[in-house]
Amino acid sequence: MRKWYPVAKEGEIPKKEGRRVYFGDHELALFNLGDEYLATDNRCPHKQGPLADGILAGKAVFCPLHNWKISLETGCALSGGVGQVKVYPVKVTENEIFVAFEEGELCEPQGEAAVVSTELDVKDVGG
Amino acid sequence: MLNAFLLLEEGKEEMEAKHLVVIGNGMAGMACVDEILKRKPNLRITVLSEEPYYNYNRILLSAVLAGEKSVEEIYINTKEWYDKNNIFLCRGVKAIEIDAKNKTVTTQDGSPVSYDLLLLATGSNPFIPPIEGTNKEGVYTFRNMADVETLLERCKTAKQALVIGGGLLGLEAARGILNQGVKVTVVHLTDRLMEMQLDEVGGEFLKREIEKLGITVLLNSSTSKIMGNGHVEAVMFKEGAIVPADLVVIACGIRPNVELAKRAGLQVNRGIVVNDYMETSDPNIFAVGECVEHQGKVYGLVAPLYDQGKVLARTITGDKGPKYEGSVLATKLKVMGIELFSAGNFKAAEPDMEVISYQDHAFGVYKKVVVHQDRVVGTILIGDASDANRFLEMIRKNERIAAKRQTLLFETPPAVAGSPTDVMSRPDSETICGCIGVSKGQIISAIRENSCKTVSQVKACTKASSGCGTCAGLVQEILKAVAGADFQEEKKEVFCACVPFPKDQIRIMIKTQRLKSVQDVLDIYGNGTGCSYCKPGLSFLVDEVLLGEHKEERSARFINDRVHANIQRDGTFSVVPRMRGGVTSPEELRKIADVAVKYKVPMVKVTGSQRLDLLGVKKEDLPKIWADLGMTSGFAYTKAVRMVKTCVGTDFCRYGTQNSIKQGIDLETNLEGLYTPAKVKMGVVGCPRNCAEATVKDIGMVGIEGGWQVVIGGAAGKRVRAADILCTVKTSEEAMEAALLFFQYYRENGEWIERTYDFVERLGLETIRRETVLASEEVKKGLLERLRKAKAKAVNPWAVESKAPVHPRQFKDFVLPKDREALIEPVLAGDGTHGNGK
């Protein structure tokens with residue numbers, strides 16, 4: 001059964017940005033669209049990019065890794081490829097933002113630092 | 001000039017061809033000549049042009065003033081056209097006398113030109129009302145290219161402009177001046193703007209739209225005096241009010257230019273009187289265009305000129321065809337942001353005329369169709385002129401409309417903003433280009449016959465959209481449908497589908513309207529939401545155009561620019577401190593090593609850019625690492641100045657001829673912290689052995705014996721391209737200046753995410769040289785000054801945001817402790833939907 005979890009206070013997420021929310025080892029992405037909040041899994045169906053770090057365009061987010069466009073309403077990929085992430089109900093009560101989910105349904109965090117060292121994406125590591 | 005004529009005269013006997021002399025090099029004259037040429041006549045053609053330009057599109061002068069088009073872009077016929085067709089063009093030569101009896105024209109330098117046939121296409125002159133002070137400095141008309149050039153120059157310093165006349169030309173001038181960053185007031189004599197083209201309601205709609213642009217409108221204002229001591233300072237009205245102005249444009253209408261014709265003894269009323277074959281009262285003299293009066297009517301618009309030209313071409317080539325029977329008057333206002341069309345009998349003045357109309361004040365849409373005896377005779381469209389050609393066609397064809405009367409105003413349901421009207425469903429006979437008179441069918445066959453791929457190719461072979469240009473969208477739709485996969489976008493693409501304007505135009509909008517944020521640009525000129533392409537792009541543009549005075553919106557930036565680090569495939573970040581010229585020190589290395597240990601950085605790597613990369617850093621550790629390092633951001637995560645690689649140079653190298661390390665560090669110091677259309681990597685080498693690979697960098701300097709070569713547009717990435725030599729100079733200072741000039745020029749003119757190697761190829765090395773190192777001192781000073789101002793606003797974001805992040809949660813995720821069960825309530829049925837608003 002999904003329960004409402006108090007996640008953040010209003011004003012804690014900058015307007016038109018998202019933030020990652022950890023729940024133990026699991027995580028979701030919470031977005032402030034300016035006039036409402038929306039929540040999804042934080043892993044892009046393509047290569048598990050952190051959607052919370054993406055650029056918002058209306059009610060969609062572009063994954064920061066390879067620019068897949070994900071609908072925040074349905075979780076469906078709108079461009080890039082085929083895929084879907086879970087979406088979670090959000091409500092705001094007395095300045096507190098609640099997200100409803102069931103323990104265990106959230107996605108695992110995106111690869112921890114431990115996996116970095118062997119396999120670097122050489123495409124644009126900066127330098 | 002005289003010699004040229006003599007030569008022509010000598011060749012006359014051999015050629016037998018009759019000599020056609022055209023006075024006037026404007027749209028009407030040359031359109032007629034074009035029609036004449038199509039008939040392959042045995043004629044020798046001389047054109048006397050008072051203006052020193054090739055034939056240009058006068059209608060688009062307002063677009064040049066508005067900064068939407070360059071002078072080159074509005075030429076209709078260039079030198080090649082005159083040469084190819086053996087037309088002898090005398091530029092800057094004014095005809096002062098016609099001797100109709102002896103068939104000669106005298107020019108202002110005294111040379112007589114004899115003719116067999118004479119075509120008068122003298123156009124019209126601006127009407128200057130009898131107001132005191134119109135001769136003061138700072139008072140101009142708006143009629144020709146010279147006027148536009150003067151106005152553009154004056155707009156650089158003017159503070160407050162005033163346009164006398166709220167007709168078509170006055171409003172277009174006002175919009176243009178506004179775009180140049182000068183405040184504008186339009187004063188109009190009567191109670192309605194564009195009263196020649198609009199009814200009362202239309203005038204009201206237009207006034208609101210004009211005011212929305214930020215232009216002040218004063219109606220019922222009769223100017224009595226232009227005041228000022230030598231230079232205009234203010235304008236006084238009949239009722240006594242005084243409005244300050246340091247730039248005044250008189251746009252009170254035009255008068256046919258008939259002086260020559262009058263003195264030559266031709267029949268002249270308001271215009272030069274012509275019959276239905278465009279013949280004047282002299283059998284060897286013809287006239288076309290705005291200077292003409294036909295059946296008591298004088299036309300000041302473009303479509304009639306083309307109609308007349310077609311008739312006259314047959315007359316002149318001895319093949320008299322269909323008569324000219326007058327034209328339906330139709331007007332389009334070419335003011336960015338306002339759609340307005342008016343045609344025919346829009347006033348419904350006759351008692352048995354009916355009006356069908358629609359008004360939507362919220363959207364600023366006004367549509368009016370005047371019907372007379374079951375036929376459309378006039379229309380006014382404001383706010384949505386997509387039906388302009390449909391109604392114009394009905395007026396021209398005089399067709400009965402009873403059957404479609406119910407859907408007359410909205411043939412299809414009102415279009416959603418931005419959706420193209422379906423031109424392919426219209427009949428082939430329908431006119432697409434109302435100015436030139438080109439039908440859909442003609443465009444389709446031209447596309448097929450000439451295998452057109454771009455709109456400009458269609459334009460070249462049909463002339464469609466070469467008039468006012470508003471039908472270019474329709475032409476493109478047709479081309480897309482006919483050419484299918486062969487269709488190619490024009491080179492000047494729109495910035496993004498979200499903000500459908502070319503980049504240059506967006507720069508002007510940002511600059512003249514001081515649009516400080518990405519959201520402002522998207523709200524006013526775009527779809528309001530943007531995307532992952534245009535939001536970062538516009539972030540760069542507002543910064544670049546406003547020289548750092550923009551409003552920073554982190555939400556419009558890519559994650560790398562929100563946290564000043566490069567996101568990696570696992571969601572961690574990399575940290576690359578700046579090491580100018582690739583030179584470091586034991587202290588810096590120690591700090592980097594300490595940080596790597598303290599934050600358990602999984603990998604430390606030497607990059608290809610002569611600096612060190614700390615990979616696998618968690619977002620929340622970024623500000624702490626920056627604070628511990630105390631170094632400057634290397635900007636290795638964004639479209640900005642990356643680094644300058646150097647070789648050892650004269651400091652240590654036994655081959656070095658120049659001090660590349662010092663020059664490289666200076667170059668990096670001069671440019672670091674600045675954003676660019678795409679990343680800029682640089683290199684400085686002390687000799688042509690090129691050890692730091694400067695010739696495959698965006699900007700490079702190569703030390704040579706006694707000087708430097710400055711090179712640009714090199715690449716060793718996805719493409720490999722050897723850089724081009726921008727210039728060779730003697731001193732380090734000269735080399736630096738050349739590099740800075742190119743850098744700023746690229747910042748201002750590069751397309752978003754266009755690397756210098758594509759930029760250099762797109763513009764061509766010669767253009768870039770001409771606009772940078774070979775430009776006038778003033779232009780160079782401008783580039784360097786803007787660079788200086790932008791640089792003064794550039795900061796080291798690590799220093800600033802390690803202490804004061806833009807938001808308390810900029811680097812911090814939310815962590816929900818699992819033991820907060822007490823606060824958790826179950827979700828009830830119907831309790832809170834997804835995306836519950838606040």
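This dialogue concerns aromatic rings in a predicted model.

Guide: In this predicted model, local features need pLDDT of at least 70 and side-chain atom pairs count only at pLDDT 80 or more, while totals for chains, interfaces and linings use all residues. Residues are numbered from 1 along each chain as its sequence is written, chains are lettered from A and ligands numbered from 1 in the order in which they are written, and side-chain values use heavy atoms, with hydrogens and water left out.

Visitor: Why are B:Tyr54 and B:Tyr75 called an edge-to-face pair?

Guide: Rings of Phe, Tyr and Trp (its six-membered ring) pair if their centres lie within 6.5 Å; planes under 30 degrees apart count as stacked, over 60 as edge-to-face and the rest as tilted. The centres of B:Tyr54 and B:Tyr75 are 6.2 Å apart and their planes form 75 degrees, so the pair is edge-to-face.

Visitor: What makes B:Tyr54 buried and B:Tyr75 partly exposed?

Guide: Buried means under 20% relative accessible area, exposed over 50%, and partly exposed in between (1.4 Å probe, protein chains only). B:Tyr54 has 16%, so this residue is buried; B:Tyr75 has 23%, so this residue is partly exposed.

Visitor: Why is the pair of B:Trp626 and B:Trp798 called stacked?

Guide: Their centres are 5.5 Å apart with 5 degrees between the planes, so the pair is stacked. Both B:Trp626 and B:Trp798 are buried.

Visitor: Why is B:Arg557 said to sit over the ring of B:Tyr675?

Guide: A charge sits over a ring if NZ of Lys or CZ of Arg is within 6 Å of the ring centre and within 35 degrees of the ring normal. The charged end of B:Arg557 is 5.3 Å from the ring centre of B:Tyr675 and sits over that ring.
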